[in-house]
Amino acid sequence: MKAVGFYRNLPIADDESLVDIDLPIPVPQERDLLVKVKAVSVNPADVKQRQNSTPADGAAKVVGYDAVGTVIAVGSNVSLFKAGDEVFYAGAVNRPGTYAEYHAVDERVVGRKPRTLTDVEAAALPLTSLTAWELLFDRLKVPYGSKRGDDAILIINGAGGVGSILIQMARRLTGLNVIATASRPETVEWCRAMGAHHVIDHRQPLSEGLKSVGIPDVRYVASLTASDQHRDAILEVLKPHGAMALIDDPASFDIVPFKRKSLSVHWELMFTPTLFQTPDMSEQHKILTEVSALVESGVLKTTMHEYMGAINAANLKKAHARLESGKGIGKTVLSY
């Protein structure tokens, strides 16, 4: 089968940073689905793995952690799906990725593709939806579906992939006042289109931005990038007994100063269930099933911003370069 991978950790501008390769079609394990991939999207996890995860024994490593496709075979112990089902999912960081014509994935982290979306539109959603959902409802413990209360959430980097769907979930599935950060006219417009009540500039003091929209402090902060740079500002704007969650990888993040306000700090990584085979792995199947239903009912919408053509090394290098530039909006998607 056709695939895209790498043999060495190289800068994306290098010709060999991602290359077109041929690999055997994977054999599904007992809980696996074998999926014929139709579309993928590109995430920061793809970039981090390309930069830092060294291929073993001279073999090419394939990354990619979002996919839409059709189930063509199932393992011996599969119960949730059958051949012919249209699915979407984010896979596992410790297994081969989705930059390939065929992909094996554990059924417990797979959902039914929303019928109202095209393949490329649906491919934008799995990883970021899981991250946003777990961050909002599992880590921060925001009540799902409750429209009461006057609490607010500050989402730092609202125009990114996770921010784009998190804005929608917070606006439409909770009673929170949603404030996103963005620094360019096009990203401000995008955050508003996703449903943010207010948008402030993260290049300016967050406290001043919040005061300018009449919300001087917040109960929750979702820090999606540059958490170390924003740490003191986050500490300042969080209410006592508030909570923050972060998804990035700062070199250090000292939480001792958060004690005085009795603040809680949470890390969110949607790959944890598959990395550790946690007993609740199938919760990700349930989340994606719910996301699919919410899309079909018009509550949530795709966060696809750019279609970058066919799945091949040349186009994926362009997509990685866009992510690394820090100027991406929403999600970039490719397809077969």
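Modeller: Before we start, one term: two strands count as paired if DSSP finds at least two bridges between them. And keep in mind that this is a predicted model.

Colleague: Noted. Let's begin with β15, then. How many bridges join β3 to β15, and which way do they run?

Modeller: There are 3 bridges between strand β3 (residues 32-41) and β15, and the two strands run antiparallel. If you want a spot to look at, A39 stands opposite S335 of β15.

Colleague: And what about β14 and β15, parallel or antiparallel?

Modeller: Parallel, with 4 bridges joining strand β14 (residues 304-310) to β15. M304 has K331 of β15 as its bridge partner. To get from β14 to β15 the chain passes through helix α10 (residues 313-325), and this β-α-β crossover is right-handed.

Colleague: How many residues of β15 are buried?

Modeller: 5 of 5, over residues 331-335.

Colleague: Which ones point which way?

Modeller: K331, V333 and S335 go one way, T332 and L334 the other, and all of them are buried. As a rule, side chains in a regular strand alternate between the two faces of the sheet.

Colleague: A lysine in there caught my eye. What does K331 form a salt bridge with?

Modeller: With D66, and the closest N and O atoms are 3.0 Å apart. The pair ties together distant parts of the chain: D66 is in the loop between α1 and β4 (67-74), K331 is in strand β15, and 265 residues separate them.

Colleague: Why does K331 count as buried?

Modeller: Because its relative accessible area is 2%, and the cut-off for buried is under 20%. D66 counts as buried too, since its relative accessibility is 0%.

Colleague: Back to β3 for a second. Which way do β3 and β6 run, and how many bridges join them?

Modeller: Antiparallel, with 5 bridges. K36 stands opposite Y102 of β6.

Colleague: Are the faces of β6 covered or open?

Modeller: Both are covered: Y102, A104 and D106 on one side are buried, and so are H103 and V105 on the other. In total that is 5 of 5 residues in the strand, which spans 102-106.

Colleague: What does E107 do with R31?

Modeller: Their side chains meet in a salt bridge, 3.0 Å from N to O. R31 is in the loop between β2 (19-22) and β3, E107 is in the loop between β6 and β7 (110-112), and the two are 76 residues apart. E107 counts as buried because its relative accessibility is 0%.

Colleague: How many salt bridges turn up in the whole structure?

Modeller: A search finds 19. One of them joins D119 and K113, with the closest N and O atoms 3.3 Å apart. K113 is buried at 13% relative accessible area, whereas D119 is partly exposed at 23%. There is also a network in which salt bridges with shared partners join R112, R115 and E296.

Colleague: Changing topic: helix α1. Which of its residues are buried?

Modeller: A45, D46, V47, Q49 and R50. The buried residues of α1 pack against β3 and α10.

Colleague: Take Q49. What does it touch?

Modeller: Leaving out residues up to four places away in sequence, Q49 touches F6, N9, K61, V63, Y65 and V93. Q49 counts as buried because its relative accessible area is 18%, and the cut-off is under 20%.

Colleague: Now the outside. Which residues make the nonpolar surface patch?

Modeller: L269, L275 and F276, about 300 Å² of it. L269 is in the loop between β13 (264-267) and α8 (272-276), and at 42% relative accessible area it is partly exposed.

Colleague: Last one, backbone oddities. What is phi for D57?

Modeller: Near 55°, which is a positive value in a residue other than glycine. D57 is in the loop between α1 and β4, and it is exposed, with 83% relative accessibility.

Colleague: And where is K141?

Modeller: In the loop between α3 (126-139) and β8 (152-156). K141 is not a glycine, yet its phi is positive, about 60°. K141 is exposed as well, with a relative accessible area of 59%.

Key:
Residues are numbered from 1 along each chain as its sequence is written. This is a predicted model: local features need pLDDT of at least 70, side-chain atom pairs count only at pLDDT 80 or more; totals for chains, interfaces and linings use all residues. Side-chain values use heavy atoms; hydrogens and water are left out. Buried means under 20% relative accessible area, exposed over 50%, partly exposed in between (1.4 Å probe, protein chains only). A crossover is right-handed if, with the strands pointing away from the viewer, the path from the first strand over the helix to the second runs clockwise. Patches are made of residues with over 30% relative accessible area and no salt bridge: like charges are joined within 9 Å, nonpolar side chains (Val, Leu, Ile, Met, Phe, Trp, Tyr) within 5 Å. Accessible areas come from the Shrake-Rupley method with a 1.4 Å probe; for residues, only the protein chains shown count as cover. A salt bridge is a side-chain nitrogen of Lys or Arg within 4 Å of a carboxyl oxygen of Asp or Glu. Contact means heavy atoms within 4.5 Å.
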